[in-house]
Each structure stands twice: as C-alpha cells, then as structure tokens.
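Notebook open, structure loaded. I want to go through the fold, the core, the charged pairs and the metal site, in that order.

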Amino acid sequence: MAGGSARYVRYILISFFVVAVFYFVSHSSPDVLPLRPAAPGAGVVAPGKPTTKDSSSNSGSSDADNHSADLDPALYPMPMSAADEGWNSLSGIAPGPRMNATFVTLARNSDIWEIARSIRQIEDRFNRRYNYDWVFLNDKPFDATFKKVTSSLVSGKTHYGEIPKEHWSFPDFIDQEKAKKVREDMKQRKIIYGDSVSYRHMCRFESGFFFRQPLMMNYDYYWRVEPSVELFCDVHYDPFRFMKENGKKYSFVLSLYEYVETIPTLWDSVKKFMTNHPEHIAEGNSMGFLSDDGGETYNHCHFWSNFEVGDLNWLRSQAYTDFFESLDKDGGFFYERWGDAPVHSIAAGLLLKKEEVHFFNDIAYYHVPFTHCPTGEKLRTELRCHCNPKDNFDWKGYSCTSRYFDINGLSKPEGWENQSD
Ligand SMILES: Nc1nc2c(ncn2[C@@H]2O[C@H](COP(=O)(O)OP(=O)(O)OP(=O)(O)O)[C@@H](O)[C@H]2O)c(=O)[nH]1
Ligand SMILES: [Mg+2]
C-alpha cells in the first residue's frame, strides 16, 4: 500500500512537471525562445508562389514557409540603434514578421561570378537572418550553372524569369536609322555605353518593366542588387519592414549628377508630362532636389539606382505608369541614352512626397566607383563596418546627398564637414 501511494505521488509530480513545462514554453517571450521566421508576406499579403515556365526555386530554405503569417509586428520591435534591445542578436534567424518582399537582379549568364560576390555579401550582412526570396531576370534563358550557384548562395527561395521580347526591343515608333546615327555619334564622342543597344534596352527595362514581370507581381517591395557590389556593415533591422512601417516608397544610399550628354532633352519631356498630368504631381514633393529654379531646368541630381529598396505598387501605380509611358513615347531611351537612375529619381522626386523618399545612412555600399560609408566613427563601430571612411562620397562636391538633407531639413551627421574634400 505504501508503495502504491508513492506511485500516485510520483504520477502527480510528473503531471505537474509536464504542465509546468508546457506553460513555460507557451508563455515564453521571443527573447527566451528564438522564434522561427514567418512566411514571407507575414502581416501583409502571402505571396502566391510563381509557376511561370522559366521559374524554379531552390529547396535550401523552405523554413520560412512553415511558419505563421500573422505575427504581430508590435510584439517584435526592430532594433534601430545600438541602444535598442536585440541590436547585438545577430546569430540565428531574426524573430518577427517578414514583409512581402524580394531581392531582384537583372543579369546575364556571364555575370555569374560577379553576382555571386554580391549575394554572398548581402547574405552575410543581412539575409542569412531573414531568408528573403531572390528574383533573377534575364533577356536570355538562365543556364544551369547560373541557377546552381545562385540558388546555393541565397538563403531564401530563388526564381528565374526570362524577359519577354516586347520588354527588351525597339518599340514600333522608334526610327531605327535615327537611333543608329545617335549611337555612332555617341561612340565618336566617347560617351560611356553611348554605342550600346543592349545598355539602352537595359535602361528602358529597369525604368518601365522589371516591376511588371510575372515573378515580381507576387511581391510588394524589392531590393535591387547588381553584380560586384559590396555591403560593408551589418544590417541590424529589416529595411523592407522599415519601408512599410514608415510609409517609405523609394530609398537610396548614393546620389550624384548625371552625365549631361546622355539626357539633353529628358527634362523637356518631364515638363511635358507635368503639364499633361498635373494630377500626378505630389504636394510637398522633392522638386528642390531636382531643380534649382523651381522646375525650369534640371540640375542633373539623381539617386543612384543600382541600389534601391522600393515599393513595387508605387512603380505599378497609374502615376508612375503614365510617367514612364509619356517619357518612353518621346524616344529618349534610344535617341539619347536616358538611364533608369534619372528616370526613377525624377519620378520619386515629383510623384512622391518628400517624406516618402528615404536615405539609408546605415546601409554601407559600394558600386564602382563610389562608396557610401556611414559618417561617424561610433556608428561605424556599432555597425561593424569594414569600409574606409575616407572613401565616403556623401559630402563630396559631386554628390547630391547634401542637397537631399537640405531640402528635407535634416541635420547632417557629426563629422560630415571633415569629409567634404
Ligand atoms: N540580362 C542582361 N542583363 C544586363 C545586360 N546589360 C546589363 N545588364 C544588367 O543590368 C544591370 C546594370 O548593368 P551594368 O552593366 O552594371 O550597368 P552600370 O551599373 O550602369 O555600369 P557598370 O559601371 O558597368 O556597372 C546589371 O545588373 C547587369 O548585370 C544585358 O544585356 N542582359
Ligand atoms: Mg552596374
């Protein structure tokens, strides 16, 4: 009988222990038990997975798909500065929701080793903790090597899309002879990429079509990545989530003046658009970034579009669509050599409110030949940067970032004066 009672006591103790463990697990805060990532689109729209003929996905990380899509962002504050909790938690998968977002790269098969370098850096500094997808686009089919190498490097899913002919060719209304003469002339004048047809298709595609590709229709935000770029500091929070939660639609890290020879009539075309579509011009826009005389002339300032984190729904909006179509009809992608950087920048400057354009000071970046290395030694140490502060382009004479600060009434970071020559 005594043995029987002891058994009951043992059963009661074990049951109590099991209940206690269950209670502890189900009530633990994210800091105690690391949560797995939510599905892309958490708290937003769950992306349908693409099924186009030329898309495929790696099986490397489908973890993200196994988790709840409804994590409440309020329960997962992002560490925005070193004083915030979680700033130093850079190992493992980041807790909290994911946005409906993707990296996007336009590339040729021959770009494989250069894009591999870019991916490795983005993964090491950010995406290994977030596992966002990556969409690759090409005017030709991607080959097996490209797919194998990139899918092995990206921690999220990879998708590969072939661009339709109509998005990578001369529109009917372009006079081929006239366009050819322009290329010959630009070649003689040694204008960079001035004689290239494919570079012009690339600029037009990035200006008007990348965000409308079937693979991109599944997402709300994008981060553009080019071959051979570098990321010099850790990214301690989710830039996609920052964009969404702060109502940002376009962002940049470097800005500069465009080569005048490539865009002689771009501003005339923009003025025509402004006259025909006053309804699309935002109140409180960034005209002061683009023009020094209230819109009469263009000062050639633009955000450098090889880095962009942006809102795809803005690019797919009626305002941006009308803007692109109006410019496209004027023919400057072929009769001159309009770049997607001034086109995106002028759109962001005129169609968005000032506050909707963001400068990511804490994302340190290089694309030949310019570097954005955050100003301020304390910040660089907190971000574990490996860029040389002397290389920072932000405050040099040929950068427009100072102007962006001025029109937005922002105070420049401490130490900027020492980097201005
Ligand atoms: N599929 C494809 N991608 C291209 C082509 N030309 C350029 N790209 C891609 O378009 C993007 C921009 O081209 P880049 O050659 O880097 O142009 P850029 O940045 O103005 O000039 P660089 O100083 O040479 O980097 C890159 O992601 C390229 O990989 C092309 O003909 N086909
Ligand atoms: Mg490039």
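What follows are my entries, one topic at a time.

**Ground rules.** I am working with a predicted model, in which local features need pLDDT of at least 70 and side-chain atom pairs count only at pLDDT 80 or more, while totals for chains, interfaces and linings use all residues. Residues are numbered from 1 along each chain as its sequence is written, chains are lettered from A and ligands numbered from 1 in the order in which they are written, and side-chain values use heavy atoms, with hydrogens and water left out.

**Overview.** I looked up the secondary structure and got 14 helices and 12 strands in the protein chain. Those are DSSP runs numbered from the N terminus, helices being H or I of at least four residues and strands E of at least two. Of the 421 residues in the protein chain, 54% are buried. My terms here: buried is under 20% relative accessible area, exposed is over 50%, and partly exposed is in between, with a 1.4 Å probe and protein chains only. I then looked up contacts, meaning heavy atoms within 4.5 Å. Among contacts in the protein chain with a separation of 6 or more, 80% are between residues 24 or more positions apart.

**Strands 2 and 3.** I checked how strand 2 (residues 133-138) sits against strand 3: they run parallel and are joined by five bridges. Pairing needs at least two bridges found by DSSP. Val135 has His159 in strand 3 as its bridge partner. With helix 3 (residues 144-153) added, strand 2 and strand 3 make a right-handed β-α-β unit. Right-handed means that, with the strands pointing away from the viewer, the path from the first strand over the helix to the second runs clockwise. Strand 3 (residues 158-162) is largely enclosed by the rest of the structure, because four of its five residues are buried.

**The small sheet.** I also found an open sheet of three strands, ordered 5-11-12, with antiparallel pairing. Strand 5 and strand 12 (370-372) are at its edges, each pairing on one side only. Strand 5 is joined to strand 11 by two bridges, and Glu230 stands opposite Tyr366 in strand 11.

**Cores.** Next I looked up nonpolar cores, that is, sets of buried Ala, Val, Leu, Ile, Met, Phe, Trp, Tyr and Cys residues joined through side-chain atoms within 4.5 Å. The largest has 57 residues, and Leu137, Phe210 and Trp314 are among those with the most contacts inside it. Helix 12 (residues 340-351) gives the most to this core, six residues. A second, separate core has 43 residues, including Met78, Met99, Ala101 and Tyr365. Back to Trp314: leaving out residues up to four places away in sequence, I see that Trp314 touches Lys249, Tyr250, Tyr320, His344, Ala347, Ala348, Leu351 and Leu352.

**Salt bridges.** I count a side-chain nitrogen of Lys or Arg within 4 Å of a carboxyl oxygen of Asp or Glu. The structure holds 17 of these.

- Asp124 pairs with Arg120, with the closest N and O atoms 2.6 Å apart. Both lie in helix 2 (residues 112-125), four residues apart, about one turn of the helix. Asp124 is partly exposed because its relative accessibility is 37%; Arg120, at 35%, is partly exposed too.
- Asp330 pairs with Lys272, with the closest N and O atoms 2.6 Å apart. This pair links distant parts of the chain, from helix 10 (residues 318-330) to helix 7 (residues 266-276), 58 residues apart. Asp330 has a relative accessible area of 26%, so it is partly exposed.
- Arg224 pairs with Glu226, with the closest N and O atoms 2.9 Å apart. Both Arg224 and Glu226 are buried. They belong to a salt-bridge network with Glu206 and Asp340.

**Metal site.** Which protein donors does the magnesium ion (ligand 2) have? I find Glu226 (OE) and His367 (NE2), lying 2.0 to 2.2 Å from the ion. Donors are N, O and S atoms within 2.8 Å of the metal (3.2 Å for Na, K and Ca); water is not among the atoms, so sites may look incomplete. Glu226 is in the loop between strand 4 (221-224) and strand 5 (230-231), and His367 is in strand 11 (residues 365-367), 141 residues apart. His367 counts as buried because its relative accessibility is 15%.
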